[in-house]
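Dear colleague,

I am handing over the structure we talked about, and I would be glad if you could look through it before reading my notes.

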Amino acid sequence: MQLLFPPPFGASNNPFRTDPPDPYLQYPYNCCGRSDPDLCRGYLKLLGTPQGQPVATWEAGSVQTFSLTGIGNHYGGSCQVGFSVDGGKTFQVATSYEGNCPHRHATESQDFSFTVPADIPTGDVVFAWTWFNREQEFNMNCASIKITGGTEESARAVEYDSANLGFDIPDGCSCTCNKPQPARRPLQRYRRATEPSVQGKRAYSPAVPFKERPGMLIADNGNGCLTPHTTAELRYPNPGPDVVEGDGEYQLELPLPPDKCGYQ
């Protein structure tokens, strides 16, 4: 599965892409003989270039929709979406989807709603979607977004230490690497921002300032943090203030060990 909307860096439907489209965005990291060395599959280098222009404009505090498409939903998993306001040094959580993400029974593109943090800084930011399936595989797609109506304050958070991120992932994955196909557009219009999520129930915590939100989880990438395998879906140790529950088909378990996964 991969991000369809907003169009991610390198995607066939990104209107500012001039390089050949990346046919492997829908596969987990290091599938099909390809090495993915960094966050956002290395596409953060496009920021500040014509290919890194924002593909959508979102107002701070608004409800927006992202869409997924592709082959092989691995019968679910858990996802997070979040933002970086510092060029990819930090990624802070907007919403965590615990279980049934992507939707295990969907056959076409899938829509998920979320709320843009109300106090996110105005300007160009990076939107990120991450997915952990039950084969301990990791995927991440990113897109450039313009934020309006936000704050002028820069976010402050602990930066990801690139030396400890790892990305030392064994070559190969559980996917069958078929001939890559371009991302398909959805067969239906995106829901209006006011419509409810098509996912499960939401659990809200009191408002948390953007700069105090937890970082997005990075795991299954050689950094020593491993998500549940086969029999459970991921429960995020630091999910942030907006959590969407799955369908309950699989129990939820935390990643292990705690000291490698950012919690005690």
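Below I describe what was found, beginning with confidence and then moving to the cores, one buried residue and the salt bridges.

Please keep in mind that this is a predicted model. The protein averages a pLDDT of 83, and 78% of the residues score at least 70. Over residues 160-170 the pLDDT falls below 50, although this stretch has 30 contacts in the model beyond near neighbours in sequence, and residues 180-199 are also below 50, with 45 such contacts. Where pLDDT is low, the predicted coordinates should not be read in detail.

Turning to the interior, the largest nonpolar core has 27 residues, and F66, F83 and F114 are those with the most contacts inside it. Several strands give two or more residues to this core, among them β2 (56-59), β3 (63-69) and β8 (138-148), while β7 gives the most, with four residues. If you select F66 and set aside its neighbours within four places in sequence, you will find it in contact with residues including L3, F5, V81, Y97, F127 and W129. There is also a second, separate core of 26 residues, which includes Y29, L44, L46 and V126.

T130 is worth a look as well, and its place is in strand β7. T130 has a relative accessible area of 0%, so it counts as buried. Leaving out residues up to four places away in sequence, T130 touches S78, C79, Q80, F138, N139, M140 and M216. Its C-alpha atom is separated by 8.8 Å from that of G82, although the two residues are 48 residues apart along the chain.

Finally, the count of salt bridges comes to five. In one of them, E98 pairs with R235, the closest N and O atoms being 3.8 Å apart, and this pair links distant parts of the chain, with E98 in strand β5 and R235 in the loop between β10 (232-234) and β11 (242-245). E98 is buried, at 8% relative accessible area, whereas R235 is partly exposed, at 37%. In another, R104 and E249 have their closest N and O atoms 3.4 Å apart, and they are 145 residues apart along the chain. R104 is buried, E249 is partly exposed, and both belong to a network of salt bridges that also links E233 and D247. K146 and D124 form a further salt bridge, at 3.0 Å; K146 lies in strand β8 and D124 in strand β7, so this pair ties together parts that are 22 residues apart in sequence.

With best wishes

Note on methods. Residues are numbered from 1 along each chain as its sequence is written. This is a predicted model: local features need pLDDT of at least 70, side-chain atom pairs count only at pLDDT 80 or more; totals for chains, interfaces and linings use all residues. Side-chain values use heavy atoms; hydrogens and water are left out. A nonpolar core is a set of buried Ala, Val, Leu, Ile, Met, Phe, Trp, Tyr and Cys residues joined through side-chain atoms within 4.5 Å. Buried means under 20% relative accessible area, exposed over 50%, partly exposed in between (1.4 Å probe, protein chains only). Contact means heavy atoms within 4.5 Å. pLDDT is the predictor's confidence in each residue, from 0 to 100. A salt bridge is a side-chain nitrogen of Lys or Arg within 4 Å of a carboxyl oxygen of Asp or Glu.
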